[in-house]
Amino acid sequence: MELIFGETPPSSVMDSTSQTQESQVTTSRLDESQQSLSHVDVCGQVSMVDISSKADSKRVAVAGCRVLLGKKAFDLVAANQIAKGDVLAVAKIAGISGAKQTSNLIPLCHNIGLTYVQLDLTLNGKDCSVDIEGEVAITGKTGVEMEAMTAVTVAGLTIYDMCKAVSKDISITNIHLKHKSGGKSGHWSKNS
């Protein structure tokens, strides 16, 4: 192999070229489970899924998470006494905004026009937490699972941001998809 100006590259470049070629050969021999990943092409390269041939359908996703506040922060949130303002109202708005921004945050998510976003934030006195549930819907060509999970995550991060002056020992936990419906894969529920 010669460079553009006719000089032979140093052996370290040759070694890395050989490693790259070996890697490409290995990548082309992906097992069947990896080939079925929707965001990986047959050569193992990342790619955005082409959804242009899919039919529009009603798609809904529900996600959840829990923010463990600790007693002091929980009591202040419950009494609406956090200095920055109404934590639950601001977190709800942030979660809705987060759902609408998912494709800007997650590189291979499609930019889609959501038709519905709802967040419910519930105070849980048993463990001094806030339970967050987000539902997102669209009539379109791709699902909204990522938008639902982004919504609850951004709401959780907002709660942390608004309460961090009171306590840094706040945990955002159990971010998960609870339910999805619509599209080729149909209905799925975490508890089914």
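How much space lies in the largest pocket? In this predicted model, the answer is about 600 Å³. A total of 24 residues line the largest pocket, and those that lie nearest its centre are His39, Lys54, Thr142, Gly143 and Glu145. Three elements each give two or more residues to this lining, namely β1 (57-68), α6 and β4 (171-181). Of these, helix α6 gives the most, with three residues. Sorted by class, the lining of the largest pocket comprises nine nonpolar residues, nine polar residues and six charged residues.

Helix α6, which spans residues 145-163, also holds Thr150. Is Thr150 buried or exposed? Its relative accessibility is 9%, so Thr150 counts as buried, the cut-off being under 20%. Leaving aside residues up to four places away in sequence, Thr150 touches Gly98, Thr102 and Leu105. One of these, Gly98, falls within the range of helix α4, residues 87-100.

Attention now turns to helix α3, which covers residues 71-78 and in which Ala73, Phe74 and Val77 are buried. These residues cover an arc of only 100° around the axis and therefore lie on the same side of α3. What does the face turned away from that buried side carry? There, the exposed residues Lys71 and Lys72 are found. As for the partners of α3, its buried residues pack against two helices, α4 and α6, as well as against the strands β2 and β3. Helix α6 thus appears twice in this account: it is among the elements that the buried residues of α3 pack against, and it gives three residues to the lining of the largest pocket. Just after α3 comes Asn80, whose phi is positive, at about 55°.

The two strands that α3 packs against are themselves paired. Strand β2 (residues 116-124) and strand β3 (residues 129-140) run antiparallel, and nine bridges join them. Which residue of β3 is the bridge partner of Tyr116? That partner is Ala137. Together, β2 and β3 form a hairpin, with four residues between the strands. The turn of this hairpin includes Cys128, which has a positive phi of about 55°. A positive phi of about 55° is also what Asn80 takes, just after α3.

How values were computed
Residues are numbered from 1 along each chain as its sequence is written. This is a predicted model: local features need pLDDT of at least 70, side-chain atom pairs count only at pLDDT 80 or more; totals for chains, interfaces and linings use all residues. Side-chain values use heavy atoms; hydrogens and water are left out. Two strands pair if DSSP finds at least two bridges between them. Buried means under 20% relative accessible area, exposed over 50%, partly exposed in between (1.4 Å probe, protein chains only). The arc is that of the directions from the helix axis to the C-beta atoms. Contact means heavy atoms within 4.5 Å. On a 1 Å grid over the protein atoms alone, a cavity is a set of points where a 1.4 Å probe fits but cannot get out, and a pocket is an open set with protein on both sides within 12 Å along at least five of seven lines; lining residues have an atom within 4 Å of a point. Grid points are joined across faces, edges and corners, and a volume is the space filled by probe spheres set on the points. Ala, Val, Leu, Ile, Met, Phe, Trp, Tyr, Cys and Pro count as nonpolar, Asp, Glu, Lys and Arg as charged, and the others, Gly among them, as polar.
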